[in-house]
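Welcome! Here are some exercises to work through with the model open beside you. Try each task yourself before you read its solution.

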Amino acid sequence: MSETSTWVIFIAAIFTNNILLTNFLGMCSFIACSGQIRTSIGLGTAVTFVLIMTTIMNYVIYHFVLVPLGLVHLQFIVFIAVIAAFVQLVEMFVERFSPRLYFALGIFLPLITVNCAILGASLFMIIREYSFIQSIGFGLGAGIGWALAIVLLAGLRQKMRYSNIPEPFQGVPIAMVVTGVLAMAFMGFAGMVSIQ
Amino acid sequence: MIYLLSVVSFAGLTVALAGMLMIAERLLINYGICKLDINAGEKPLEVDGGQTLLASLYANEIFIPSACGGKGTCGHCKVTVIAGGGPVLPTETLLLTRKEIRSNVRLACQVKIREDIYIRIPEDLLNIRMYTTTVESSVDLTYDMKEIRLRLNDPPNISHRPGQYVQVQAPSPDGPVFRAYSISSPVYEPDIVQLVVRLVPGGIGSTYLHNLKPGDYVNFTGPFGEFLLNPDPSVEIICVGGGCGIAPIRNIIYTLYEQWPDRACWLFFGCRATRDVFYLEEFEELAKKYPNFHVVYALSDQLGEDEKWDGETGFIHLSVDKYLEPGVRRQAFLCGPPLMIEAVTRVLKEKGTSDIFYDEF
């Protein structure tokens, strides 16, 4: 069991160990849905929500079903199934209560299922041997970190729309370059807190 | 043991998740009763929210054309959604032109009813009904063409215009599908609908229709189609067809001469070889009776050694070019393959005809 305090894990998951900018997980929707701040806030919120809920569910299933039954080797497929079902649920919620966000997110809402940041968080939680409370802190932090990164990139890309970018770099290439710069900027947080 | 345990526990988990989703669906995907308003109050309906617009319209016996059965691939079920349809979905953009998107045209099979919805559909479509019929006869016209004569049971009569078509319901492994066929019987036989069907290898609709025997039951919805025959008797009617494109043309010609016995009309029919020729004698009979009716059949393939043919040869647009004088007021109805329509349209435009209606297949 990890000794680090939950608060430290939470802060580290947002800044020093940002799941997107240090592990580069969840890149596809990060690049595709960062055109507008509005949409990115929506997607960021949805990912955060899915991330924290699936971390909790996967924690419970892993420690109370898979470990006692000796079925740890099933963790990947089980985690994916839980995530897929949960995303379906979120999709129904969003469709019902915020049709506008539903249409804005379009195909990327069901694609949260295959957002590797979400599976990644569940796996990190197992590898780093977090307790239940630590897992919640980590899930929440990782979600907020991912949301923060996509909103920052969306803000930058909105500004870049008026910049004079060389033609070969327009669109996704410059977004990748900017993501790299953003990741380097986040390295400035290193040493603030640290988890493995 | 471990395998069994793995399978059982994973299956259990999946069932639990599916159950959770089903409960959520029942609670969440329930939009209550929504108002469905057609043509500004002409036909106000109340429908259950959560279904597609197409399904709701069908449930209320409003049969708008749809060939693919709501899969979003045929693009026939276009309706104008004035309010309450949400934004255009990515599944629709492929089948809608920019102009249609600007004027709020949507695919009814993709629009989900979530709130009160206001739509506009052409008046004609409100008269469309589902007809049950009995096959009266099924006659071979050529080696791959059949003429199928259907007697209407319920409702006993159909009111249609020449050039319109019906959608025949054919069974398929994925549930019923609809296939469009033009009506070849004239409008003054309201209790009969006759179709000309070419057997398409592997085709669901044509295989079904070709295997029908007298006495079998067939359902269709209709009539569909926007062609309007010019009622001015001084306007010459030009019909150009290929293959089973003769069906709507036969209807037009018979209906025309029933109403205006001395109206001028040309029929151009393109075939490949003599074995594709049908209805020629029937039309020649008609031409003897009505001197202003002219029939031209043309064969596009080289004549075989045992074939006898005294009519025109070459593609049909060459015959159109040869027989028609420029500068006459005309209305043209074309029905056949796209290339034929393109070529004939070009010839007709050169002759000064701009009132051209076509049905591509």
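Helices (H or I, at least four residues) and strands (E, at least two) are DSSP runs, numbered from the N terminus. The expected span of a helix is 1.5 Å times one less than its number of residues. The model is predicted, so local features need pLDDT of at least 70 and side-chain atom pairs count only at pLDDT 80 or more, while totals for chains, interfaces and linings use all residues. Residues are numbered from 1 along each chain as its sequence is written, and chains are lettered from A and ligands numbered from 1 in the order in which they are written.

**Exercise 1. Check the span of helix 10 of chain B, then find its buried side.**

Step 1: Helix 10 of chain B covers residues 338-350, which is 13 residues, so 18 Å is expected at 1.5 Å a residue. The end C-alpha atoms are 19 Å apart, which agrees.

Step 2: Look for buried residues (20 or more other C-beta atoms within 10 Å of the residue's own; exposed means 12 or fewer, partly exposed in between; C-beta atoms are placed from the backbone). In this helix they are B:Met340, B:Ile341, B:Val344 and B:Leu348.

Step 3: These residues cover an arc of only 95 degrees around the axis, taken from the directions from the helix axis to the C-beta atoms, which puts them on the same side of the helix. An α-helix has 3.6 residues a turn, so residues three or four places apart point the same way.

Step 4: Now turn to the face away from the buried side, where the exposed residues are B:Pro338, B:Leu339, B:Arg346, B:Lys349 and B:Glu350.

Step 5: Just after the helix, B:Gly352 takes a positive phi of about 90 degrees.

**Exercise 2. Describe the side of chain B that touches chain A.**

Step 1: Count contacts (C-beta atoms, placed from the backbone, within 7 Å). The count gives 18 residues of chain B in contact with 19 residues of chain A.

Step 2: Helix 1 (residues 2-28) of chain B supplies the largest share of chain B's side, 13 residues.

**Exercise 3. Which strands stand at the edges of the sheet with order 9-8-11-6-7-10 in chain B?**

Step 1: Two strands pair if DSSP finds at least two bridges between them. Here 6 strands form an open sheet with antiparallel pairing.

Step 2: Strand 9 (177-182) and strand 10 (192-198) each have a single partner strand, so one side of each is left without a neighbour in the sheet.

Step 3: Within the sheet, strand 6 (residues 129-140) and strand 7 (residues 145-154) of chain B pair over 8 bridges. B:Thr132 stands opposite B:Asp154 in strand 7.

Step 4: From B:Asp154, the peptide bond to B:Pro155 is cis, with omega near -10 degrees. B:Pro155 lies in the loop between strand 7 and strand 8 (165-170).

**Exercise 4. Do the same for the sheet with order 2-1-5-3-4 in chain B.**

Step 1: This open sheet has 5 strands and mixed pairing.

Step 2: Its edges are strand 2 (43-48) and strand 4 (105-107), each with a single partner strand.

Step 3: Strand 1 (residues 33-38) runs antiparallel to strand 2, joined by 6 bridges. B:Ile38 stands opposite B:Lys43 in strand 2.

Step 4: B:Asn104 lies in the loop between helix 4 (98-102) and strand 4. B:Asn104 has a positive phi of about 65 degrees although it is not a glycine, and it is partly exposed, with 15 other C-beta atoms within 10 Å.

Technical notes: Contact = placed C-beta atoms within 7 Å.
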